[in-house]
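Visitor: Please show me the model. I would like a short tour.

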Amino acid sequence: MRARYGVPLGITAVGAAGLAYAVGFEPRSFRLRRISVPVLPRGMRDLRVLQVSDIHMVSGQRKKQRWLQSLAGLRPDFVVNTGDNLSDPEGVPEVLDALGPLMEFPGVYVFGSNDYYGPKLRNPALYLLEKAQGRHGLNGNAPAVSAVHNPWEPMRDAFDAAGWVGLSNARGRLKIDGHEIAFTGVDDPHIKRDRYERVAGGPEADADLSIGVVHAPYLRSLDAFTADGYPLILAGHTHGGQLCIPFYGALVTNCDLDTDRAKGLSTHSSGGNTSYMHVSAGCGANRYTPARFACPPEATLLTLTARA
């Protein structure tokens, strides 16, 4: 009996332990990553930017709320929210409660598909199939039917009332210690709401720094921002791959970005220009796939420094 069942039972035990870790521990093991990006003009002081993304708030996620509130202790110069705040139509009050202390700081935001529409139960293996077939989101797939519409408007109104600048197919500015920081954003490419032609034209000449902001880092958006000369692009959406292989990394990005750049700081080249790009792995997950493995939930404190 030992010879016949010992190995299968051992594999089952290891699998069960891995599933328990991926569902019960890692999604609540919040991390803060710190990186530096040399994009500022020489002589300008460093700027501390807190990027939060892919919160995917579900009612009752108290630990996530407390952790997000605690990030205000970092005292960032400004906050960038790269979308997908919701995974529950009832979650708007808890999102606003979690981000309330951060809304005391200057900030900008874009929305993602899960801010507009509720998630649906889905076989995770479809992400691998779609990657193999080059289909992602509404970019090649059939339009969603019977989608739940999330109440995103009160969230937008609260962000605006706090002074955060909405960047969905729009430009905006923040003034930080007398320095002009310009932003150009597009709405979520994952559901074909991006309209870059409305904001094209590149960085603003009288700004000290211009930043591109997008939820899902589809190549068409990255190419447009980079070709126009933006030194830095901030994005989310990928969850860093969410279910990763240790020492290998992400298997999918849920967009057409390569898996080598599923999270963290990298570069992107287009039109003879090269931009820094930071993709946040986010701090949440779809309520129907609440697992993370080898990819802890995160926020990022980016220290923007002077160019060499």
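Visitor: Is D187 buried or exposed?
Guide: This is a predicted model, where local features need pLDDT of at least 70, side-chain atom pairs count only at pLDDT 80 or more, and totals for chains, interfaces and linings use all residues. Residues are numbered from 1 along each chain as its sequence is written, and side-chain values use heavy atoms, without hydrogens and water. Buried means under 20% relative accessible area, exposed over 50%, and partly exposed in between (1.4 Å probe, protein chains only). D187 has 5% relative accessibility, so D187 counts as buried.

Visitor: Which residue forms a salt bridge with D187?
Guide: A salt bridge is a side-chain nitrogen of Lys or Arg within 4 Å of a carboxyl oxygen of Asp or Glu. Here the closest N and O atoms are 3.0 Å apart. The partner is partly exposed, at 29% relative accessible area. That partner is R193.

Visitor: Which residues are joined into one network by salt bridges that share partners?
Guide: A search of the whole structure finds 14 salt bridges. Those with shared partners link up one network of R171, R173, K175, E180, E204 and D206.

Visitor: At what angle do helix 2 and helix 3 pack?
Guide: Helices (H or I, at least four residues) and strands (E, at least two) are DSSP runs, numbered from the N terminus. Axes are lines fitted to C-alpha atoms, for helices over the stretch in contact, and angles run from 0 to 180 degrees between N-to-C directions. Helix 2 covers residues 62-70 and helix 3 residues 92-99, with axes 7 Å apart. Their packing angle is about 35°.

Visitor: How many residues apart in sequence are E94 and R62?
Guide: E94 and R62 form a salt bridge, with the closest N and O atoms 2.9 Å apart. E94 lies in helix 3 and R62 in helix 2, so the pair ties together parts separated in sequence by 32 residues.

Visitor: Why does the pair D88 and R287 tie together parts far apart in sequence?
Guide: Their side chains meet in a salt bridge (3.7 Å, N to O). D88 is buried, at 7% relative accessibility, and R287 is partly exposed, at 35%. D88 lies in the loop between strand 3 (78-81) and helix 3, and R287 in the loop between strand 11 (273-279) and strand 12 (298-306), so the parts they tie together are 199 residues apart in sequence.

Visitor: Where is S168 found?
Guide: S168 is partly exposed, with a relative accessible area of 28%. S168 is 26 Å from R34, C-alpha to C-alpha. Its place is the loop between strand 5 (165-166) and strand 6 (170-176).
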